[in-house]
Amino acid sequence: MIRAQGIYKSFGKIQVLKGLDISVDRGAIVSIIGASGVGKSTLLQILGTLEKPTLQQGITTRIEINGIEISHLTGKSLSSFRNKHIGFIFQFHHLLPEFTALENVCLPGFIARRDTKTVKKKAQELLNHLKLSHRIGHKPATLSGGEQQRVAIARALINEPKIIFADEPSGNLDSDNAKELHELFFSLRALFRQTFVIITHNTELADITDKKLEIRDGVLVFSSL
């Protein structure tokens with residue numbers, strides 16, 4: 001599903017990532033842990049095609065997702081790949097406040113120019129599965145934090161992506177909502193065979209994932225199955 005080799009990233013003279021090799025199998029739930037500032041979010045953005053790695057002379061850098069080498073994709077090709085194959089969940093949901101829950105979930109499908117009725121039907125099914133059918137017409141300001149995050153998850157799933165990248169998805173939730181969200185990831189994996197790569201400081205979540213990776217000072221220092 002994901003094969004990444006020789007991942008470096010520098011911002012000016014500061015080298016954040018110092019040569020990471022990572023593999024993630026299809027259908028796995030993988031956690032990435034580490035202290036703040038070690039490069040976890042930067043790695044996620046590179047794997048998610050939102051950032052480009054820094055190339056190093058004499059070192060091969062390669063990123064393959066779902067059998068597709070993404071290093072050479074640019075512009076519309078890269079945007080199309082991202083829209084079709086990848087879903088994102090962030091700590092702060094980034095829902096559009098002027099749109100209802102249903103409309104927020106539908107947006108990626110509309111951007112992909114999928115059939116309007118098909119997208120709306122899929123969005124309704126996802127919101128129903130996430131126990132939000134009674135909130136479908138509500139705008140984000142009227143939803144609880146847990147409800148907003150579940151809407152964001154439905155939005156990430158609307159185009160049926162092969163992989164979901166999540167950056168501290170439960171970091172803004174209380175313990176009960178966080179636990180419910182973590183259980184939801186596993187139920188979605190069972191239902192849709194989604195692959196999840198999750199950055200988290202939540203040790204309970206990290207300990208139950210299929211694979212746990214630790215980044216320290218820009219390098220991978222620990223990997224467990």
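The largest pocket in this predicted model holds about 380 Å³ of space. Of the 18 residues lining that pocket, Asn 83, Ile 86, Phe 88, Pro 108 and Arg 155 sit closest to its centre. Two or more lining residues come from each of α2 (75-85), β6, α3 and α5, and β6 gives the most, with four. By type, the lining splits into 11 nonpolar, five polar and two charged residues. Here Ala, Val, Leu, Ile, Met, Phe, Trp, Tyr, Cys and Pro count as nonpolar, Asp, Glu, Lys and Arg as charged, and the others, Gly among them, as polar.

A word on how these things were found. Pockets and cavities were searched for on a 1 Å grid over the protein atoms alone: a cavity is a set of points where a 1.4 Å probe fits but cannot get out, a pocket is an open set with protein on both sides within 12 Å along at least five of seven lines, and a lining residue has an atom within 4 Å of a point. Grid points are joined across faces, edges and corners, and a volume is the space filled by probe spheres set on the points. Helices (H or I, at least four residues) and strands (E, at least two) are DSSP runs, numbered from the N terminus. Residues are numbered from 1 along each chain as its sequence is written, and side-chain values use heavy atoms, with hydrogens and water left out. As this is a predicted model, local features need pLDDT of at least 70 and side-chain atom pairs count only at pLDDT 80 or more, while totals for chains, interfaces and linings use all residues.

As for closed spaces, the count comes to one cavity of 30 Å³ or more, with a volume of about 50 Å³ for the largest cavity. Its lining consists of Gly 146, Gln 149, Arg 150, Leu 173, Asn 177, Glu 180, Leu 181 and Leu 184. Both α5 (145-157) and α6 (175-192) supply at least two of the lining residues, and α6 gives the most, with four. Three of the lining residues are nonpolar, three polar and two charged.

Helix α5 thus turns up in the lining of the pocket and in that of the cavity. This helix has 13 residues and reaches 19 Å from its first C-alpha to its last, close to the 18 Å expected at 1.5 Å a residue (the expected span being 1.5 Å times one less than the number of residues). Of its 13 residues, 12 are buried, where buried means under 20% relative accessible area, exposed over 50%, and partly exposed in between (1.4 Å probe, protein chains only). Among the buried ones are Gly 146, Gln 149 and Arg 150, which also line the cavity, and Arg 155, which also lies by the pocket centre. The buried residues of α5 pack against β6 (86-90), α3 (101-111), α4 (116-129), β7 (163-167) and α6, with contact taken as heavy atoms within 4.5 Å.

Two residues of α4 show different degrees of cover. Lys 122, in helix α4, is buried, with a relative accessible area of 13%. Leaving out residues up to four places away in sequence, Lys 122 touches Ile 158, Glu 160 and Phe 192. His 129, also in α4, is partly exposed at 33%. With the same sequence neighbours left out, its contacts are Ser 187, Leu 188 and Leu 191. His 129 and Phe 186 are 57 residues apart in sequence and 13 Å apart in space, C-alpha to C-alpha.

Now for the strands. Four of them form an open sheet in the order β2-β1-β4-β5, with antiparallel pairing; two strands pair if DSSP finds at least two bridges between them. Its edge strands are β2 (14-24) and β5 (68-69), each pairing on one side only. Eight bridges link β1 (residues 2-11) to β2 in the antiparallel sense, and Phe 11 has Ile 14 in β2 as its bridge partner. Elsewhere, β3 (residues 29-33) and β9 run parallel and are joined by four bridges, with Ser 31 opposite Lys 212 in β9. Strand β9 (residues 211-216) is mostly covered, with five of its six residues buried.

Helix α1 (residues 40-47) is mostly covered too, with six of its eight residues buried: Lys 40, Thr 42, Leu 43, Leu 44, Ile 46 and Leu 47. Just after α1, Thr 49 takes a positive phi of about 70°.
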